[in-house]
Amino acid sequence: MSAPDVAEKLTSLAKRRGFVFPSSEIYGGAGATWDFGPLGVELKNNVKRAWWRDMVQLREDIVGLDGAILMHPKVWEASGHVENFTDPLVECGNCRKRYRLDELPDGERLTEAWRAKTLDLASTACPNCGQKKLSEPRRFNLMFKTFVGPVEDTASVAWLRPETAQSIFVDFENVQQSSRKRIPFGIAQIGKAFRNEITPGNFIFRSREFEQMEMQYFTRPEDAPRVFEEWKARRREWHASLGIPAERLRFRDHAADERAHYAAAATDIQFEFPFGWQEMEGIHNRTDYDLRRHSEFSGKDLSYRDDVTNEKFIPYVVETSVGADRATYAFLCAAYDEEPDKEGVRVVLRLHRALAPYKVAVLPLSKNERLTPLAREVWAAVRPHAMSTYDETQAIGRRYRRQDEIGTPLCVTVDFDSLEDRAVTIRDRDSMAQVRVPIAELVPALQERLGA
Ligand code: ATP
């Protein structure tokens, strides 16, 4: 099974089974925005829950925040986004197709040359039409602009946030004082972000509306390099702990001239997607850039006073930033598996139990009026304890396959013996082993297998 095949199969599985649909599909789509269907919303919620658990619940030193998407326009001037959040856009003078400079063949070298102000595109052919008529790059701002209030004048400009981090900086003092945290500590947030990407694509990998899971860790300046290394290791471990094979994860450190305008050090955690190694998460040492700039622009001093040593300083920030949609896609890619079986091919999503949309499927052996009441009674007993589903149509083998294909770790089968012995069979997705347990002990037996 080749890698591009997996991407294609996943896109079609996602649509067919209700994970992800193109947004506004009946109108022909809305340009790189996606809707998460009944299974997709469960999966993505589980990804977000797993992140929140690791980053907030299990930590003594991190608290959460849910900031507004619309913020004061000065926020984006202070953060540098109005000036710097741009991509170099190149347009073909012949076919009018647009590219991000770094996405052209040999794009890395071209981008380096552009940064060094030595770029010459005269001998570069347009990948679409082959003509050598590419324009000089133009800096294209990726932020969506909108207006607050009834009058479209510049006084009421607002930007849809391109990252969630800024409300963490702007609320730094509110959070620090209300939660009485002392440095070092972190603030975590999950929320929507918007970028008017020049070339979105690869399914939900790059879209114009997406969710980020970001954490800003505030430290003493001298500790930032060590904290940066610690977060690199910890975040890579998180992806691996949820089922991404270690050999499909790697770090890519950014060279000094390619870092974002605020970063002193930056690393991507890359995942081997079906279309190649790509960034899944960014770890940045943002220095005191953001708090310093917001202090300057707002006039409010955001420095921190250590109440033991009485020192006053602007904290440094180490950021971890991962896309919820991009991570969800990576988990799907890593989980996708096929194996031959007597009916042809068995497709299995080997999702980690914590991520699987349904943990349990309750299946009567056949659609039969004697079995249905007991099967529904079993489902009702399971529902409060685990996200679960029920399926009684078609042969039992087909129904197992349907659950395998969406990653359900456990199936519970109610058969005619169940009517006599009040016991049911639990079937495991990965080993396909089956065990019989009394209905009275079913919930703890499921919980034990689910690690719940
Ligand atoms: P890229 O180089 O892929 O455009 P970036 O370096 O601009 O990403 P960051 O600004 O570091 O990305 O954003 C942090 C994370 O947010 C990324 O690692 C990714 O998981 C996610 N992300 C960024 N842009 C998008 C997008 N357009 N669609 C989905 N997820 C995104």
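How much area does the protein chain expose, and what share of it do carbon and sulfur atoms supply? I looked this up before anything else: the chain exposes about 21,200 Å², and carbon and sulfur atoms supply 48% of it, with accessible areas taken from the Shrake-Rupley method with a 1.4 Å probe, where for residues only the protein chains shown count as cover.

I note that this is a predicted model, in which local features need pLDDT of at least 70 and side-chain atom pairs count only at pLDDT 80 or more, while totals for chains, interfaces and linings use all residues. Residues are numbered from 1 along each chain as its sequence is written, and side-chain values use heavy atoms, with hydrogens and water left out.

**The chain as a whole.** I found 14 helices and 23 strands in the protein chain, these being DSSP runs numbered from the N terminus (helices H or I, at least four residues; strands E, at least two). Along the principal axes, the C-alpha atoms fill a box of roughly 75 × 65 × 50 Å. Of the 452 residues, 52% count as buried, where buried means under 20% relative accessible area, exposed over 50%, and partly exposed in between (1.4 Å probe, protein chains only).

**The ligand.** I then turned to the 16 residues around the ligand, of which Glu197, Arg206, Ser207, Glu279 and Met280 come nearest; a residue is near if one of its heavy atoms lies within 4 Å. A polar side-chain atom of Arg206 lies 2.6 Å from an oxygen atom of the ligand, and for Glu279 I read a distance of 2.7 Å from a polar side-chain atom to a ligand oxygen; a polar contact is a pair of N or O atoms within 3.5 Å, and within protein one must be able to donate a hydrogen and the other to accept it, with residues adjacent in sequence counted only if both atoms are side-chain atoms. The ligand has 590 Å² of accessible area on its own, and the protein covers 86% of that. The largest share of the shell, five residues, comes from strand β13.

**Helix α11 and strand β21.** I followed helix α11 through residues 371-382 and found that its 12 residues reach 17 Å from the first C-alpha to the last, close to the 16 Å expected at 1.5 Å a residue, a span defined as 1.5 Å times one less than the number of residues. Among its buried residues are Leu371, Leu374, Val378 and Trp379, and the cover over the buried residues of α11 includes β21 (410-414) and α14 (442-450).

Is Cys411, in strand β21, buried or exposed? Cys411 is buried, with a relative accessible area of 1%, and, leaving aside neighbours within four places in sequence, it is in contact with residues including Ala361, Tyr400 and Ile426, contact meaning heavy atoms within 4.5 Å. Cys411 and Ile426 are 15 residues apart in sequence and 5.7 Å apart in space, C-alpha to C-alpha.

**Backbone details.** I marked a cis peptide bond joining Ile183 and Pro184, with omega about 5°; Pro184 is in the loop between α7 (172-179) and β9 (185-194). Asn310 has a phi near 70°, a positive value in a residue other than glycine, and at 52% relative accessibility Asn310 counts as exposed. Met432 also has a positive phi, near 60°, and is partly exposed, with a relative accessible area of 35%.
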